[in-house]
Amino acid sequence: MEAIVLFMTVDLFCAMPSTPVDRAKAEIDASDELTLLERQEVAGHVTQEWENIEWERKSMLVNESRVDRLRLVSEYQTYQMILDEHFKYLDPNERLAGIESLAFITPWNDFGYTMAQRFQNKFDYLCPVWFELKLALKSGKLSMALRGTHLINDEWASNFTTKVYPRVLVDIDAKHSFKIWKHVISNAKIQNGVVNKLLKICKERSYRGLAIELWLAWYTLGISGTTDTQKLRDGLNSFVNRLGAAFTSADLKLMLIVPPQRSEEYFSATDFKSIAKSVHKVIVMTTDFSGERPGPSAPLGWQMRAVEKLCNESELRKKLMLTVAFEGHHLRGKQKSELPGKKFVELLSKHKPTIKWDSKSEEHVAVFKADGATNLLNYPTLLSLTRRIAIAQQLGVGLAVWDVGQGLNYFFDLL
């Protein structure tokens, strides 16, 4: 009888979910009120929440001298150095870089809300990536819809009464992009509709302004050098000026997010000069040089040239912000994927890679072999970030950080 009881006890024990996240998922699976898709979505959220809690437990405020911490800013890096130090941070209220700074926070990586709150005094602007303004042609008429309101985190935003400037991505149907921009540029009624919709967001939520991303607009207009394209380009700049004037009249700030120059001048020095006086800041997204191809994330020389080409006037250049990424890329054979900080640390711990300094791009690269394939981890380090902050200081521009939730604690000591 005792043996039977023991057997049943062991069997029940083995069947119990072993961690809080497993137990939460078991409860979700047992629910009759959720569809399969809803269960999957909730389970994914629970998993991320638990990972954030575990990650947060490792964070440690330290009282070391800044001189002692600076020894970590070196070309020489080992996986163990990073594992031993990345979770530590110095006084989060002390600012070191001495330049204006902005933090992007993405809702798909919601640990960014925690990091932005902890290091809020390091930043002048907090830019949650929430909104999308969708422009489309339907039966020859332009439709306009604001999306992303379900992503708004009012509780978090209430902690920062003067710093929240949400991003609004202007999304257009690429197939009809020229026609759509012709509608926008030539129709005052449509322009008023866009302006009023954006002002309404700020008024309803008490935002101090917005960061508008027109990347696809300038990308589309940058692929052709025809006279017609130039007219559209001039019209787009005039629209930005109109939008900026409306924001200024409402005592709001308009920021503009633009692509870096490559072989094509998607957003040129002429464009910048045309709109500079109407906007508060122009954020140049110098974060992804190689795209889907193998290669460095953002070579320092490329980032520097992207800013220098836009403006050589020191006073006007203060409107610009250079963007650095707190995320990286993982190249596995020929397959490339994004690399957040948590995953980077996990791979260091598991594979113990060799870390090399690439003097051409001024970035570190971690190298290891797994499952017969060479793996390259392009992820920022203290030295690579220090070099980019120094360039921003040298050029007299601000610094934007893409996705603070993907960074490591000790990165913020540099800001």
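**Around helix α16**

Just after α16, G396 adopts a positive phi of about 75°. The model here is a predicted one, and the helix that G396 follows runs over residues 382-395. With 14 residues, α16 spans 20 Å from first C-alpha to last, close to the 20 Å expected at 1.5 Å a residue.

A good part of α16 is tucked away from solvent: L382, L383, S384, L385, R388, I389, I391, A392 and L395 are buried. That list takes in a serine and an arginine along with the leucines, isoleucines and alanine. As for what they sit against, the buried residues of α16 pack on helices α13 (300-308) and α14 (314-317), and also on strands β10 (320-325), β13 (354-358), β14 and β16 (398-402).

One of those partners, β14, covers residues 363-370 and pairs with β15 in the antiparallel sense over six bridges. V365 is found opposite N378 of β15 in this pairing. The two strands make a hairpin with two residues between them, and D371 in the turn shows a positive phi of about 55°. Strand β15 (residues 373-378) also pairs with β11 (residues 328-332), again antiparallel, this time over four bridges. Here R332 faces N375 in β15.

Zooming out, the chain carries 16 helices and 16 strands, and 49% of its 415 residues count as buried. Taking contacts between residues at least 6 apart in sequence, 74% link residues at least 24 apart. The accessible surface of the chain adds up to about 20500 Å², with 53% of that belonging to carbon and sulfur atoms.

Definitions and conventions:
Residues are numbered from 1 along each chain as its sequence is written. This is a predicted model: local features need pLDDT of at least 70, side-chain atom pairs count only at pLDDT 80 or more; totals for chains, interfaces and linings use all residues. Side-chain values use heavy atoms; hydrogens and water are left out. Two strands pair if DSSP finds at least two bridges between them. The expected span of a helix is 1.5 Å times one less than its number of residues. Buried means under 20% relative accessible area, exposed over 50%, partly exposed in between (1.4 Å probe, protein chains only). Contact means heavy atoms within 4.5 Å. Accessible areas come from the Shrake-Rupley method with a 1.4 Å probe; for residues, only the protein chains shown count as cover.
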